[in-house]
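Got the viewer open? Let's take a short walk through this one, stop by stop.

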Amino acid sequence: TGRLGVGRGSIREALRRRSAGGLVDMTHNRGASVHRMSRAEVRALYEVREVLEVLTARLAAAHFEVSGKQAEFEDVMASGEAILAQGAYDEYPAINARFHALLVEVSDNPVLSRLVEQLHTPIFRYQLRRLMSRKIVEASHDDHRTIFSAIRNGDADRAGRAMEDHVRRSARLINDLGNDIFS
């Protein structure tokens, strides 16, 4: 604390806030540790994520033409293709996050934006980053192609169905491959 010029009270308050946000576990007489999500927590998170992301995709399809984000979407999709071609799978989480963030931006719904952001906690992203593999990246990007095609064509129903499939597939992959990330 002395080297950084931060007092113990400030550190305790920051840890309390992170604990309230589910990122840190506080244990009496033991201190703080990074929260590891349980399988049940991940399942619950994906149930909520599915509903919100389907709505996001449907709204994005409805607002795509007037969004001014067409070129950004094309860039994100091209970056995903490049990652697949290069086999740089560890770089995919950033592209995945940008794809989903663009969907939220285009949906033009600030309440939805806040709710979706709450589901993408840093610890969840960190834990999932360790699971990146060719199989997961290829499946995810295939889903993104389908979702983007529907959105670009203004087909809200198809975009919603494609997003539902995407979130469910992601949940299954995490469940199948994620034994080492669950507490």
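At what angle do the axes of helix α2 and helix α7 cross? Select residues 39–67 for α2 and residues 134–152 for α7 and have a look: the two axes cross at roughly 45° and come within 8 Å. That makes the pair oblique, because angles that are not roughly parallel, antiparallel or perpendicular fall into that class. Keep in mind as you go that this is a predicted model.

Stay here and show the side chains. On the α2 side, pick Ala57, Ala60, Ala61, Phe64 and Glu65; they meet Phe148, Ala150, Ile151 and Arg152 of α7. Colour this contact by class and you get seven nonpolar residues, two charged ones and no polar ones.

Now zoom out for a moment. The protein has eight helices and two strands. Trace the chain from the N terminus and the elements come in the order α-β-β-α-α-α-α-α-α-α. Of the 183 residues, 39% are buried. Contacts also reach a long way along the chain: among those with a separation of 6 or more, 75% are between residues 24 or more positions apart.

Next stop, helix α5: select residues 110–119. Which of its residues are buried? Leu112, Val116 and Leu119 are. Turn the view until you look down the axis of α5, and the buried residues fall within an arc of 50°, so they line one face of the helix. There's a simple reason for this kind of spacing: an α-helix has 3.6 residues a turn, so residues three or four places apart point the same way.

Spin α5 around to the face turned away from its buried side, and you'll find the exposed residues Pro110, Arg114 and Gln118. Before leaving, check the start of α5, where a side-chain oxygen of Asn109 comes to within 3.1 Å of the backbone nitrogen of Val111.

Last stop: His100. Select residues 92–107 to bring up helix α4, where His100 sits. Is His100 buried or exposed? It is buried, because its relative accessible area is 5%, and the cut-off for buried is under 20%.

What does His100 touch? Leaving aside residues up to four places away in sequence, select Arg49, Glu53, His144, Met163 and His166. Draw a distance from the side chain of His100 to the side chain of His144 and you have a polar contact of 3.4 Å.

Note on methods
Residues numbered from 1 in each chain as written. Predicted model: local features only at pLDDT ≥ 70, side-chain atom pairs only at ≥ 80, totals over all residues. Heavy atoms only, no water. Axes fitted to C-alpha atoms, helices over the stretch in contact; angles between N-to-C directions. Helix = DSSP H or I, 4+ residues; strand = E, 2+ residues; numbered from the N terminus. Parallel < 35°, antiparallel > 145°, perpendicular 65-115°, else oblique. Contact = heavy atoms within 4.5 Å. Nonpolar A, V, L, I, M, F, W, Y, C, P; charged D, E, K, R; others polar. Buried < 20%, exposed > 50% of the residue type's maximum accessible area, 1.4 Å probe, protein only. Arc of directions from axis to C-beta. Polar contact = N/O pair within 3.5 Å; in protein donor to acceptor, adjacent residues only side chain to side chain.
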